[in-house]
Amino acid sequence: MNSSSPIKISGAGPAGIAAALAITSKGYRAVICERRDDVGKRFHGDFQGLENWTIQKDVLEELTELGIQIDFDYHPINEVVCFDPAGTERIFRSQAPLFYLLHRGKEKGSFDYALKQQALKAGVEIRFKTRISKLPEGGIVTEGPHRADILASGYLFDTDMADGMYAVVSDDLAPKGYAYLLIHQGRGTLSSCMFRGFHGERNYLEQCVDFFQTSVGLRMKNPHRFGGVGNSALPKKVKKLSTLYAGEVAGFQDPLFGFGIRWAVVSGVAAGNAMASGDLRQYETIIKKRLKPHYQSAATNRWFYEKLGNRGYSKTLKHFPPNRDVRKWLQRAYAPCWWKRVWYMLIVSRSVKPLLDLSKNCDCTWCRCKR
Ligand SMILES: Cc1cc2nc3c(=O)[nH]c(=O)nc-3n(C[C@H](O)[C@H](O)[C@H](O)COP(=O)(O)OP(=O)(O)OC[C@H]3O[C@@H](n4cnc5c(N)ncnc54)[C@H](O)[C@@H]3O)c2cc1C
């Protein structure tokens with residue numbers, strides 16, 4: 001790799017910027033082409049969670065070690081009120097933060113704005129309004145989802161409600177997924193995060209509004225609709241000739257609940273380091289070690305989660321020990337182990353593939369084929 005020719009990256013999301021920062025930290029030049037006119041335009045100022053439960057290490061510590069400065073607005077969350085399909089409430093607590101609440105979009109204080117500033121300061125060139133369809137000389141593709149396995153549909157709003165984090169698991173509100181309501185300092189994000197039933201999107205969303213009005217007294221002022229899709233299916237290869245794929249375009253997202261920010265940064269940095277070193281195989285090795293085992297475990301969890309249905313969700317929540325630390329419990333649930341690896345192989349093998357259905361969702365709500 002020669003320091004006079006910059007390494008090209010397509011997409012200025014967390015994965016692309018993390019990759020560029022890794023490249024510049026090694027003394028090479030990076031240029032990011034972003035099809036939109038700014039960073040974070042896929043989002044709308046919505047609250048998202050930087051998950052802190054898939055591994056023991058705190059996510060902020062991990063990001064710092066990966067070269068990301070924690071100079072965005074964030075708020076640690078140690079308590080979530082969770083409802084079962086019948087509306088029965090359970091409070092889940094953790095000693096260490098379960099996740100960090102942050103906001104996405106182009107505004108100051110958002111995760112995306114902070115990453116952009118860090119990149120510009122490091123000398124990364126970002127070419128906005130530049131769409132890339134091919135990288136003939138190689139580079140890193142971090143273009144976000146190319147398909148929809150998950151659909152989030154919701155409202156952003158102002159509110160006079162007290163701060164609170166709420167979730168509900170119910171196939172009547174978010175088929176095979178969950179709905180959430182996040183209130184922080186007078187702003188709110190409500191969403192139905194569906195893994196099935198995309199065509200009923202509007203109906204599910206309105207049922208979520210009704211549910212939260214009844215259960216926690218939801219009050220929305222100036223509501224705006226927002227939404228988006230997510231990809232959580234791994235491609236066959238994360239390296240094709242001299243091109244690496246990182247972030248959500250490569251399916252690096254928790255397939256159980258659809259949390260992708262952490263995995264986007266981890267894979268972006270790994271791709272950037274591999275490009276800078278000139279040893280692209282290094283990328284596959286790191287992915288196999290750091291992300292793939294957790295992906296396999298989470299995909300297996302999803303397979304079981306999909307079998308639960310409303311009765312199963314209620315039973316699972318009911319039997320969760322009241323004083324148990326939910327972060328530690330989730331860590332165990334995501335921990336890779338031999339039987340989950342075997343189960344995952346069975347799930348993805350041709351013989352039982354139809355049962356998994358991780359990739360079968362139709363995305364025509366978004367592709368407008370009007371099916
Ligand atoms: C509504 C919603 C809520 C979510 N909530 C959470 C959450 O709470 N926690 C969590 O961890 N994750 C969440 N996610 C997922 C998370 O946001 C993504 O996994 C993460 O942003 C992926 O980062 P990325 O860099 O891979 O892709 P992106 O953030 O999608 O960035 C890709 C960038 O590439 C650009 N691009 C696309 N194609 C091209 C092209 N051809 N040329 C140039 N540029 C291109 C896009 O404009 C975009 O800016 C949510 C997703 C959605 C939709």
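In what order do the 6 strands of the open sheet stand? In this predicted model, the order is 8-2-1-9-16-15. The pairing in this sheet is mixed. Strand 8 (125–127) and strand 15 (239–240) stand at the edges. Each has a single partner strand, so one side of each is left without a neighbour in the sheet. Within the sheet, strand 9 (residues 139–141) pairs with strand 16 (residues 243–245). The two run in the parallel sense and are joined over 3 bridges. Ile 140 stands opposite Leu 244 of strand 16.

A second open sheet is built from 3 strands in the order 3-7-4. Here the pairing is antiparallel. Its edges are strand 3 and strand 4 (75–77). Each of these has a single partner strand, so one side of each lacks a neighbour in the sheet. Neighbouring strands of this sheet are turned by 35° against each other on average, direction ignored. Strand 4 and strand 7 (residues 99–103) pair in the antiparallel sense, over 3 bridges. His 75 has Leu 101 in strand 7 as its bridge partner.

Helix 1 links the description of the first sheet to that of the helices. This helix lies across strand 1 (7–10), strand 2 (30–33) and strand 9. Its direction is at about 165° to strand 2.

Helix 1 also packs on helix 3 (residues 111–121), at an angle of about 25°. Their axes are 10 Å apart. The angle makes helix 1 roughly parallel to helix 3, since angles under 35 degrees count as such. Helix 1 passes helix 3 in a left-handed crossing. On the helix 1 side, the contact involves Pro 14, Ile 17, Ala 20 and Leu 21. They meet Phe 111, Leu 115, Lys 116, Gln 118 and Ala 119 in helix 3. By class, the residues of this contact divide into 7 nonpolar, 1 polar and 1 charged.

Helix 5 is a further partner of helix 1. The axes of helix 1 and helix 5 come within 7 Å and cross at roughly 35°. This crossing is right-handed. Helix 1 contributes residues including Pro 14, Ala 15, Gly 16, Ala 18 and Ala 19. Helix 5 contributes, among others, Ile 261, Ala 264, Val 265, Gly 268 and Gly 272. The contact of helix 1 with helix 5 has 15 nonpolar and 5 polar residues, and no charged residues. Pro 14 thus appears in the contacts of helix 1 with helix 3 and with helix 5.

Helix 5 packs on helix 6 (residues 281–318) as well, at an angle of about 155°. The axes of these two helices are 9 Å apart. The angle makes helix 5 roughly antiparallel to helix 6. Their crossing is right-handed. Among the helix 5 residues in the contact are Trp 263, Val 266, Ala 270 and Ala 274. Those from helix 6 include Tyr 283, Ile 286, Ile 287 and Leu 291. This contact has 9 nonpolar, 3 polar and 1 charged residues.

The ligand is surrounded by 31 residues. The closest are Gly 11, Gly 13, Gly 144, Gly 247 and Gly 260. Helix 1 (14–25) and helix 5 (261–277) each supply at least two residues of the shell. So much is also true of strand 3 (47–51) and strand 14 (221–230). By class, the shell has 9 nonpolar, 13 polar and 9 charged residues.

Note on methods. Residues numbered from 1 in each chain as written. Predicted model: local features only at pLDDT ≥ 70, side-chain atom pairs only at ≥ 80, totals over all residues. Near = placed C-beta within 6 Å. Helix = DSSP H or I, 4+ residues; strand = E, 2+ residues; numbered from the N terminus. Nonpolar A, V, L, I, M, F, W, Y, C, P; charged D, E, K, R; others polar. Pairing = 2+ DSSP bridges. Contact = placed C-beta atoms within 7 Å. Axes fitted to C-alpha atoms, helices over the stretch in contact; angles between N-to-C directions. Parallel < 35°, antiparallel > 145°, perpendicular 65-115°, else oblique. Left-handed = near helix turned anticlockwise from the far one by under 90°.
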